[in-house]
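User: I would like to go through this structure step by step. Please explain the reasoning behind each answer.

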Amino acid sequence: MDSRRQWMTILGGLAALLATTGTQAQAPDERAAALMQDMLGQPADAPAEAAPAENAGTAPTSLSEAQLAVSDAGTVTLNVVDLPLATVLRVLSLETNRNIVTTPAVSGTVTASLHNVTFEEALDAILLSNNAGYRSEGKFIYVYTQQELGELIAAENPPQSQVFRLSYISAADIQPSITPLLSPVGSMSISTAPEVGIAAETDRAGGNSLVQEEYVVVRDRPDNLAAVARLISELDVRPQQVLIEATILSAQLEDENALGVDFAMVGGVDLQMLGSTSRGVQDVALGDLPQGRLEQFNASGITGFTSNVPDGGLRVGIIKDHVAMFIQALEQITDTVVIANPKVLALNKQKGQVLVGRRDGYITTTVTETQAIQTVEYLETGTNLVFRPFIGADGYVRMEVHPQDSIGGLTAANLPFEQTAEVTTNVMVQDGQTILIGGLFRENDADTRSQVPLLGDIPYVGTLFKSRNDRAQRQEVIVLLTVHIVKDLDAYAQQSWEQLEGIERVRVGARQGLMWHGRERLAQSLYHNAVECYGAGEYGKASWYARLALHNNPRFVPAIKLQEDLRGQREWDDDGTVTRGFIYEAIMRAEGFNEPLFSRPAPPFVRPDAGDEASDKEDGDAS
């Protein structure tokens, strides 16, 4: 090995000398290879062990400056400075016994210091710095420029088209994610966006809108198509759902105490002479003064404090001669509790709403300089829940939520009024937990007094000349929110089915609460008897009870089916129309069926003597 390196050094010097004198037409590295072949006795087509340096003046002039060593383990140590790429590749090929073939377009210089790296790592580092790459095929390593390598790969992998059908994600949403994965020759098209919303429209029914699932058509090389398929499989997944339950508690307590005294007194005339009347000694109404008393001195005085007391309570009255006194007292307590508990199931990031209440319409008028425009608007009252969930991967849900419980209506002037308890907020809720998202406590105390000036201030006696009304109002509103992420749709469907069965039990119970002698209840009872007899094998009794049930309710479908099973045939009655069964008959005729409609028995279409007539006709033809 040392002698060969000496020869290589000598050949490098000779190559440099020939390059400076210009006596040879060959390139320096080719002249060095030829001299080395002549002196070592190698054939002309044998791979060169080393390549001399090129570009005298800027590049090394001998191979002694290119230090290359290959260890017994096969690792490469390379230390070169501004050496031609072709020379480095030939030296690397010679020292590692690899067959390296380069294209004419591969060129450049190498400046690198590599220590104990594998052959592949060294080759990658050398070629990457010169915008080149390689491919291994059998015992040969072919070196190309990156452009040549890309063209070669493109020729071996022509673009193909593939349709990706989407189940949950929209084509418009996934398009920005696919675009970065496409190669320069790749392209993509998506399906048209479907119509959204379920608002009632009477003038259209969808037209030629896409009725299939959305899709993406991608044309690219197979490797890129595989990457797109992996991306779609990760993004097009079933969305999560949440079950929202809002509880709105509105409690209101009103405590009212009222006391009023009416005092009436007349002077110079009895109450009877004034034509006074009284409703059960509850109050007094004075009439006109008689004509014979007008010339005398008369006086009257009356208070109306009982009018400040609401209707009801205790009323006590005394009427005697010239004096009437009435006392009314009332203590009223109103305790109102309203609990609203709406529940809604919705997809992630989708708006959900439930409204249980009423919608009152009222007219609004917009007046301009030229015209007055009237529009109908609606006031929605009752229990209303509007929300939008954002499900996180950590089990938390961000909620935009607006629960509301309200009462209201329209005034006599057709103006809306509303009393409401509502919350609008954006909160974080953990799956399965209940949180308080709103609350209100309000207390209002009122003390109302009415009295006759001065007289009402007299101790004890002043009570006859005044009234008092005390009112205490307390209101409390609490809004709770419970969020549950639906993880097992099958279990949720089972629970929903159990709820449906419970509702059916309620319906049956309500039916059974009807009076027994009603036609509906009689038909149900007789049908149950028919079913019991049918199960016991008493078919005669079963048919009898079924007929009685149909007598009370001729449209009782289960009883009709039971009667058909007992008789072994269906009831039928011609509807007497021409076109009702036209389409069905046309379809059956086209399909080659000749059966009565709805599988019901039909009258005979062949006369009993039709066979004899056919035989006579055949005999006549034969003769």
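User: Is L253 buried, partly exposed or exposed, and what is its relative accessible area?

Analyst: The model is a predicted one. A residue counts as buried under 20% relative accessible area and as exposed over 50%, with partly exposed in between. L253 is therefore partly exposed, with a relative accessible area of 22%.

User: In which strand is L253 found?

Analyst: Strands are numbered from the N terminus. L253 belongs to the strand that covers residues 241-267, and this is strand 10.

User: How far apart in space are L253 and T334, C-alpha to C-alpha?

Analyst: T334 is among the residues in contact with L253 when neighbours within four places in sequence are left aside. Others in contact with L253 include I333, D335 and A472. In sequence, L253 and T334 are 81 residues apart. In space, the distance from C-alpha to C-alpha is 5.6 Å.

User: What percentage of the contacts between residues at least 6 apart in sequence join residues at least 24 apart?

Analyst: A contact means heavy atoms within 4.5 Å. Among contacts in the chain between residues at least 6 apart in sequence, the share that joins residues at least 24 apart is 64%.

User: What is the order of the strands in the open sheet of three strands?

Analyst: Strands of a sheet pair through backbone hydrogen bonds, either parallel or antiparallel. In this open sheet the pairing is antiparallel. Strand 7 (160-165) and strand 8 (187-190) stand at the edges, each with a single partner strand, so one side of each has no neighbour in the sheet. The order of the three strands is 7-9-8.

User: How many bridges join strand 7 to strand 9?

Analyst: Strand 9 comprises residues 215-220 and runs antiparallel to strand 7. Within this pair, R165 stands opposite Y215 in strand 9. The number of bridges that join strand 7 to strand 9 is six.

User: Which helix packs on the sheet, and what angle does its direction make with that of strand 7?

Analyst: R165 stands opposite Y215 in strand 9. The helix that packs on the sheet touches strand 7 and strand 9. This is helix 7 (residues 222-235), and its direction makes an angle with that of strand 7 of about 5°.

User: Why does the salt bridge of R135 and E156 tie together parts that are apart in sequence, and how many residues apart are they?

Analyst: The side chains of R135 and E156 meet in a salt bridge, at 3.0 Å from N to O. R135 lies in strand 5 (residues 132-137) and E156 in helix 5 (residues 146-156), so the pair ties together parts whose separation in sequence is 21 residues.

User: Are R135 and E156 buried, partly exposed or exposed?

Analyst: The limits for partly exposed are 20% and 50% relative accessible area. R135 has 21% relative accessibility, and E156 has a relative accessible area of 42%. Both values lie between those limits, so R135 and E156 count as partly exposed.

User: Which residues are joined into one network by salt bridges that share partners?

Analyst: R449 forms a salt bridge with D447, the closest N and O atoms being 3.7 Å apart. R449 counts as exposed at 57% relative accessibility, whereas D447 is partly exposed at 44%. Salt bridges that share partners join these two with further residues, and the network consists of D447, R449, R468 and D470.

User: What is the phi of K349?

Analyst: Most residues other than glycine have a negative phi. K349 is found in the loop between strand 14 (343-347) and strand 15 (352-367). Its phi has a positive value, near 70°.

User: Which residues make the nonpolar surface patch of about 430 Å²?

Analyst: One of the residues in the patch, I458, is found in the loop between strand 20 (434-451) and strand 21 (466-486). Residues of a patch need over 30% relative accessible area. I458 has 37% and therefore meets that condition. The patch is made by L455, I458, Y460 and V461.

Technical notes: Residues numbered from 1 in each chain as written. Predicted model: local features only at pLDDT ≥ 70, side-chain atom pairs only at ≥ 80, totals over all residues. Heavy atoms only, no water. Patch = residues over 30% accessible without salt bridge, like charges linked within 9 Å, V, L, I, M, F, W, Y side chains within 5 Å. Areas by Shrake-Rupley, 256 points an atom, 1.4 Å probe, with all protein chains shown as cover. Salt bridge = Lys/Arg side-chain N within 4 Å of Asp/Glu carboxyl O. Helix = DSSP H or I, 4+ residues; strand = E, 2+ residues; numbered from the N terminus. Buried < 20%, exposed > 50% of the residue type's maximum accessible area, 1.4 Å probe, protein only. Pairing = 2+ DSSP bridges. Axes fitted to C-alpha atoms, helices over the stretch in contact; angles between N-to-C directions.
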